[in-house]
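Here is a tutorial dialogue between a learner and a teacher, who read a structure together step by step. Please keep the sequence and the model in view while you follow it.

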Amino acid sequence: MNPETRQQIEDFLYTEARLLDQRDYEQWVALFAEDGIYWVPAGDEADPNESVALIYDNKKRLEERLIRIGSNRFWAQQPVTQTCRIVGNVVATEAAGDEIEVRSRLIMTVLRRDRKELLSGVCDFRLRQEGDGYLIVNKTVRLIEREQHFDNLTFLI
Amino acid sequence: MINERYSPAALPALVKDDRVHRDLFVDPQVFDLEMANIYHRTWVYVGHESEIRNPGDFKTTTIGTEPVILSRDTDGDLHVMVNACRHRGVTLCEEAGGNQKFFVCAYHGWVFDSAGSLVNVPEVEGQPPEFSPAEFGLTQAAKVDSYRGFIFASFNEKVPPLVDHLGEAAKFIAMFADLSPSGSVDVSSGVTRYQYEGNWKQQVENSMDGYHAAITHHSFFDEVLQARIGRSMASIVSGSSPAKSVALGNGHSLIDFRDFDRKAILGADQPKSEVDWHNGVRANLEDQDYAEEVIRVNGGDGFNLLVYPNLVLINNQIRVIQPVANNHTEVLAYPALLEQVDEEINVARVRAHEDFYGPASFGAPDDIEMFKRQWQGLSRSPSMQWLLYNRGLHREERGEGERYSSQVTDETAHRGIWRRWVELMTAEVQA
């Protein structure tokens with residue numbers, strides 16, 4: 001990655017994390033391409049069609065999430081979950097045509113009511129250049145906690 | 001010492017026709033009695049045959065709070081063995097599953113085979129001459145049996161045969177399996193797990209609760225589905241729905257949606273993969289009337305079945321409830337795949353699981369939120385002594401035997417569950 005691209009990519013990843021921390025889900029969903037996929041595997045699988053995931057969303061389902069987020073009966077987010085994410089160790093893993101694959105590490109503090117948790121993992125993004133910026137073609141988060149019990153990830157990773 | 005209120009003679013006073021005392025949820029002593037009188041007395045679901053197809057395959061699970069290994073030995077026979085070395089009780093197997101001929105204790109090296117026999121003791125000359133390894137095989141469930149691929153075990157030597165225990169529930173387990181053209185579902189696509197601060201009976205009751213759906217799941221049934229399919233599906237769980245709350249006897253129960261005409265709402269158009277699937281079901285079954293009954297279930301709006309105390313079949317999902325403590329429950333949710341169908345059918349079943357049952361889905365997180373709030377209210381409010389289970393008492397109908405049926409928003413299933421609870425908690429020996 002040349003320094004300019006690196007700066008652009010890092011800025012994009014920081015923005016993506018910030019939008020989730022700020023619960024600006026509308027702007028966050030808008031980062032995804034029409035054919036975008038958001039995947040949080042529940043194990044080590046390579047094929048989401050063969051194994052159940054913690055989250056596997058296409059753009060349509062991401063947009064359906066906005067309906068729930070806008071609902072006054074989205075109980076799992078009343079009260080909301082507060083999150084604080086640190087994104088780092090950004091490396092480009094592959095570039096082809098107008099797409100680039102980027103790997104980063106994520107550490108996030110998750111607070112809801114009086115319960116505080118830490119989630120950590122590896123994020124793989126496939127980004128597509130679109131005008132001056134990027135769209136997410138694929139975001140895959142492999143949490144180190146992925147085989148643990150989860151009661152509520154509705155705040156999204 | 002056990003509180004006299006929980007003795008077989010006194011306990012029924014805490015479970016009335018229309019209400020149940022809060023202590024039956026919140027008192028740790030009741031939980032301990034449940035582990036002995038329910039989880040060590042009746043049949044408990046431990047796994048599916050497709051999870052341990054080959055000799056040497058095993059998975060670890062629990063019966064109540066007791067950790068067990070479900071193993072298929074080298075002869076192909078099933079064993080359910082306590083996951084603790086007979087020497088000093090060290091956990092033998094740390095993995096969720098796998099294939100191995102032997103279980104070796106990491107502490108002193110005792111070796112047990114896949115049938116649970118003790119086959120090697122290091123430095124065995126240090127054991128007194130009368131030491132007999134045959135006496136120190138792994139502690140095993142007294143009974144292990146399976147029905148249509150669903151494996152159950154019991155620690156009770158005198159438990160009635162599995163088919164008698166399943167009773168009316170057997171037919172619905174069969175229908176769930178017969179949705180697969182092979183006659184068996186496949187549980188190989190992984191699991192999602194959740195836990196909550198609260199009692200295991202909350203999840204049991206919620207699984208059979210038609211009343212909550214329109215409220216707890218309003219954002220899905222009314223709002224998301226409005227956008228997705230152009231209409232709300234709340235009517236399926238409304239007070240005017242033809243769906244039913246059914247007690248089947250032995251605590252098994254049903255939310256029966258089969259009279260709800262889903263096709264009238266969603267249209268009767270079928271993709272080719274679904275036509276092929278349904279033809280596969282017809283080809284597999286001799287009784288064509290039964291085949292049509294199975295097809296109507298369709299993996300969608302058929303029924304939710306509780307096989308008391310810890311198994312729920314609900315849409316595409318096999319749900320296993322694992323009590324950990326009176327205030328801690330773990331739940332495992334497995335998508336059930338079909339065999340001999342087009343791949344897209346199973347992909348859709350996995351996606352449907354993530355849609356409603358996963359940790360970021362449009363369903364389960366709202367249920368779990370209610371479990372937490374219920375626990376917060378219930379466990380801290382001794383001045384509110386009774387929980388109500390009275391809905392539909394005036395209009396439920398009794399069928400043959402222990403079968404009761406009423407409208408889907410009624411609590412007929414719950415009353416059946418509590419009748420069984422009392423039976424097991426006060427029984428002298430069997431069941």
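**Reading strands, helices and contacts**

A: Let us begin with a pair of strands in this predicted model: strand S4 (residues 66-72) of chain B and S5(B) run antiparallel to each other and are joined over five bridges. Within that pair, Leu70(B) is the residue that stands opposite Val80(B) in S5(B).

Q: What holds such strands together, and in which order do the strands of the open sheet with S5 and S4 of chain B follow one another?

A: In general, strands of a sheet pair through backbone hydrogen bonds, and the pairing can be parallel or antiparallel. Here four strands form an open sheet in the order S5-S4-S3-S6 (chain B), and the pairing is antiparallel. Strand S5 (78-82) and strand S6 (97-99) of chain B are the edge strands, since each of them pairs on one side only. From one strand to the next, the twist averages 25 degrees.

Q: Which strands are the edge strands of the open sheet of three strands in chain B?

A: That sheet has the order S2-S11-S10 (chain B), again with antiparallel pairing, and its edge strands are S2 and strand S10 (143-147) of chain B, each of which pairs on one side only. If direction is ignored, neighbouring strands of this sheet are turned by 30 degrees against each other on average. S10(B) and strand S11 (residues 150-154) of chain B run antiparallel and are joined by five bridges, and Asp145(B) has Phe152(B) in S11(B) as its bridge partner.

Q: How many residues of strand S2 (residues 53-58) of chain A are buried?

A: For a strand, it helps to remember that in a regular strand the side chains alternate between the two faces of the sheet. Burial is a separate matter, judged here by counting neighbours, and a residue is called buried if 20 or more other C-beta atoms lie within 10 Å of its own. By that count, strand S2 (residues 53-58) of chain A is mostly covered, with five of its six residues buried. Its antiparallel partner over five bridges is strand S1 (residues 32-41) of chain A, where Tyr38(A) stands opposite Asp57(A) in S2(A).

Q: Is Ala264(B) buried or exposed?

A: The cut-off for exposed is 12 or fewer neighbours, and Ala264(B) counts as exposed because it has 8 C-beta neighbours inside 10 Å. Ala264(B) is found in helix H8 (residues 262-266) of chain B. Its C-alpha atom is separated by 33 Å from that of Thr192(B), and these two residues are 72 residues apart along the chain.

Q: Which residues are buried in H7(B), and what covers them?

A: As a general guide to helices, an α-helix has 3.6 residues a turn, so residues three or four places apart point the same way. In H7(B), the buried residues include Ser219(B), Phe220(B), Phe221(B), Glu223(B) and Val224(B). Among the elements that cover the buried residues of H7(B) are helix H3 (59-70) of chain A and helix H6 (213-216) of chain B. Just after H7(B), Gly230(B) takes a positive phi of about 85 degrees.

Q: How many residues does each chain give to the contact between chain A and chain B?

A: The size of an interface is often given as the accessible area lost when the parts come together, but one can also count residues, and here the contact takes 30 residues from chain B and 25 residues from chain A. On the side of chain B that touches chain A, the elements that each supply at least two residues include strand S12 (192-196), helix H7 (218-229) and helix H12 (364-379) of chain B. The largest share of that side, six residues, comes from H7(B). By class, the residues of this side divide into 13 nonpolar, nine polar and eight charged.

Q: How can the overall form of chain B be judged, and what does its domain assignment give?

A: A compact globule of 431 residues would have a radius of gyration near 22 Å, and chain B, with 23 Å, agrees with this. Chain B has 13 helices and 21 strands, and 45% of its 431 residues count as buried. The domain assignment gives domain 1 (44-154) and domain 2 (185-426) of chain B, whose C-alpha centres lie 33 Å apart. The contact between them takes nine residues from domain 1 of chain B and 13 residues from domain 2 of chain B.

Definitions and conventions:
Residues numbered from 1 in each chain as written. Chains lettered and ligands numbered in written order. Predicted model: local features only at pLDDT ≥ 70, side-chain atom pairs only at ≥ 80, totals over all residues. Contact = placed C-beta atoms within 7 Å. Nonpolar A, V, L, I, M, F, W, Y, C, P; charged D, E, K, R; others polar. Rg over C-alpha atoms; globule rule 2.2 N^0.38 Å. Domains from an automatic or database assignment. Pairing = 2+ DSSP bridges. Axes fitted to C-alpha atoms, helices over the stretch in contact; angles between N-to-C directions.
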